[in-house]
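User: I am in my first year and would like to learn how to read a model like this one. Could you take me through a few of its features step by step?

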Amino acid sequence: MSHTMTQEDKGREPVPDGSRPGDQRRALRLALLLALPLVTTGCGLVQTGLDAKAQEVHRLWFIILWLALPVFVFVWGMLAIVIIRYRRRRGDDSEPVQNAGKNGALVTFFAVPLGIIILLLSFGEVTVNKVDHIDPRPAERLVVTGSQWQWSARYAREGISVSGKTATETTNSKPLVMAVPLGRSVEVTLESTDVMHGFFIPGMLFMRNAVPGHPNVFTFTPTRAGAYHGQCTQFCGLWHSKMTLVLEVLPQAKFQAWVNLQKKAQSKAGSCTPTGSSITLTAQHIQWDKTCIAAVAGQPIKITIINKDAGIAHNFAIWVNSSLKKRLFQTGNMSGPATKTYTAPALPAGKYYFQCDVHGPAMSGTLIIGNAGG
Amino acid sequence: MTTTDVLAKPAAPRPRSSRVLDWLTTTDHKKIGIMYLVNSFTFFAFAGALAILMRTQLMAPDNTVLSPKAFNETFTMHGTIMIFLVILPLLSGFGNYFVPLQIGALDMAFPRVNAASFWLLPVGGLTIVAGYLTKGGAAAAGWTNYVPLSLQGGTGEDLWILGLLVVGTSSLLGAINFIVTVLRLRAPGMTLTRMPIFTWATTTTSILIVLAVPSLTAALLMLLADHHLGTVFFDPAHGGSVANYLNTFWFFGHPEVYMLIMGAWGAVSEIVPVFSRKPLYGYRFVILALMLIMALSFTVWGHHMYTTGLVNDSFFSVTTELISVPTGVLVLCWLFTLWKGKLSFEPPMLFALGFIAMFVIGGIDGVWMASPAADFTIHDTYFVVSHIHYVLLGGSLFGIFAAMYYWFPKISGRMLSRRLGQWHFWLLLISFNVTFFPMHFLGLWGMPRRVATYPITSGWGLTNFIETISAYVIALSMLIALANLIMTLRKPRNAPADPWGGNTLEWATSSPPPPHNFDMLPEIRSERPVRDLRLAISAAARSARPQGAAGPDAAGPVEAGQ
């Protein structure tokens, strides 16, 4: 653009001004100094990321920075120069040269930004294609579900699920802690049981929304072990600010140990024996009071639900298992505080999964159908 | 610079008793413009106080000044009011006052429609605010009001929807009025390519409103129906889709962003030439850029949805980057207007220069958000909060303050204090940057927007503390501006018709103008008719002096008439 300027200058009378020769350079230095915050934005602050995709994004950040910086320095530098050099002197009522612009220069005004954005777009497109690439054969498949106001995760291969806990007026929230194996490709399907949520882990340099009715899938292969914090970024209501999660990238052996620990906890929580055909469940603070319920086989089941969460809707649903492929029974939503009794059809003996469909795995447990006393 | 005073005779005094009734029933575009400004600045004080409340809550980790519910209401109201009841109507207020003056018209095309569009504003605004009086509290789903969250709202949410429908109707009526006024009521000689850029910007804004607001209306009506009539437009469980809302809302919502800034661009495009004493560099290219931005703004809405997985990110990144080309042209035209000018740093010029400097930061950090992969790291974080405030506060509001200092003498007949104006500017410039620049960092560190609090372990406490203290300084600078306005209004009138050496027709009449705007109109032969007149008068005076004859009439003003 300085090329254009010199063209404009040709043949014009020099404008008298009170500037010293160093002014222009000083203004430029000032602008560069003021650009420092922008530079540090890129350098010190963007995380380098836990996988190859994140490192691509990190690189893109710098490419944009180096393309944007000259624009910033040009505008601020020019502002600094005109403020220093073209100050109107007291008592000077004459007009400067009335240059209203030439078409050639103005066409350059369109061309230069166009050139910059073509570069930006090319780099951006390459990066986003890499980031959005989905590994067709992932080693792990997770379904991560956002609900007001906690995250939960189901591991398809291991058959386990883990969940965070929502905050309430009286209790603090607990983050979802989800482990993934180091160096293995992980597929995440994001779902929501209620409103939109935002799955974001700064260390991944990646964000995706959990949209009701529209599961989003992405894959990544973590290459750095560690614990990475994240939280919901899409405003989702009252306790949005406390909907947190931790991604733990563990070496293979440790990951297996973690899985076994979850399995053990789940089977411990999921063992109980039927005593009759009626069940009472209480929902409070978006949790059930029991993680295991049981009823005898071959008889209709009487289920009493006590919802103590004022203004919050819950329901009760029985599924074949936690993969949520087949639902056997579902009540309507009931807003608390309320108590209602439902009758579910008789079921053959076996192990089932139950949850509040509104809140997903965060309010779930095992339903054992067996023989009385056995 | 008092040469044009001769064109203006003072307005006839009016009986005092009818004053209130007069304001309530007026169809004078100038009075309606003033009411727009007073109404909007009142809402500005309210929404600003809400911002101070929010900053106080965020001052320290795990703070409990506001409950999560109160915090959610506060940011929802802050955003809604600032966008719909402050920035847009402030620009409409200046538009109401100055578009007819700038094109040499007697009034707007439909004066009574104009009054209606104003009176709908406080009605709509108060309807939204009335949510605070309901049992469930005010709307608390954010100004974007995403479904399904907003469908969980109660009466406050309903009032928010109804209020916005009223405000949208007000904008539509006003916009149609502006378009007809500009097309039909221009004075003889005021061709479209001689029209002041502020009037051009108001016109392109109006076209945006006419094309985009119906989309908002549709979204709001569907929300209302889903809420109360049992329809399922947005319910995925019954064949509806969240994408329906996002697309309908943002198809309005992105042009909205340009509605909020075009008027400020227009004001800056007037102020920079006047205080550089040069013509606007590339006048026709500025108009071209405005029209390109107007058109392109309808193609970029999907960049608000990059992270939803509902849109084609690559397509929207192309259109979004493309719109930065004409925006860049605007900035270059202002810079080259300044280049080799003779700059005087009156408060309007300070704010105009501040506008350019801040707007460029808001433009540059927007580049990261326009690139989908980079956006995945900052979307819905404090980075976005920083960006929108660089565009809407450092941008739109700096432009509005520039306009306020520039046009206040014309509206009130009084010059604002220069010293207090400088204090206002420097305090605001510094505190604005200290408050909002570090938010970029908070975003990169992972602080999501719209969080009521953050844990002490996050390490975001110090940055937030500094920002809050600095936000109090922003409030102080606004109080200084308010004091300036009040003190000036208590003084006698002292402003000449043309205090700055203006270019456009509003400076060719008295300050304030008579009810009929002009006694005489100068001949319009360029986009700077008042400068032409000034030059003609001084040339006539020079050549006339030896003969001892001729007055300013020799410069050839023509009868005002439609």
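**Reading a helix, a sheet and some loops**

User: What length does helix α13 of chain B reach from its first C-alpha to its last?

Analyst: Helix α13 of chain B covers residues 418–436, which makes 19 residues; helices (H or I, at least four residues) and strands (E, at least two) are DSSP runs, numbered from the N terminus. The expected span is 1.5 Å times one less than the number of residues, and for this helix that is 27 Å. The helix comes close to that value, reaching 26 Å.

User: Before we go on, what kind of model is this, and how are its parts numbered?

Analyst: This is a predicted model, in which local features need pLDDT of at least 70 and side-chain atom pairs count only at pLDDT 80 or more, while totals for chains, interfaces and linings use all residues. Residues are numbered from 1 along each chain as its sequence is written, with chains lettered from A and ligands numbered from 1 in the order in which they are written.

User: Within what arc do the buried residues of α13(B) fall?

Analyst: A residue is buried if 20 or more other C-beta atoms lie within 10 Å of its own, exposed if 12 or fewer, and partly exposed in between, with C-beta atoms placed from the backbone. In α13(B) the buried residues include B:Gly421, B:His424, B:Phe425 and B:Leu428. An α-helix has 3.6 residues a turn, so residues three or four places apart point the same way. Taking the directions from the helix axis to the C-beta atoms, the buried residues of α13(B) line one face of the helix because they fall within an arc of 165°.

User: Which strands are the edge strands of the open sheet in chain A?

Analyst: The sheet has four strands in the order β12-β11-β14-β19, with mixed pairing, where two strands pair if DSSP finds at least two bridges between them. Inside this order, β11 and β14 of chain A pair in the parallel sense over six bridges. The strands that pair on one side only are the edge strands, β12 (287–288) and β19 (338–344) of chain A.

User: Is A:His285 buried or partly exposed?

Analyst: A:His285 lies in the loop between β11 and β12 of chain A, and it has a positive phi of about 55° although it is not a glycine. With 14 other C-beta atoms within 10 Å, A:His285 is partly exposed.

User: Which residue does a cis peptide bond join to A:Gly336?

Analyst: The bond has an omega of about -5°. The partner lies in the loop between β18 (334–335) and β19 of chain A, and this partner is A:Pro337.
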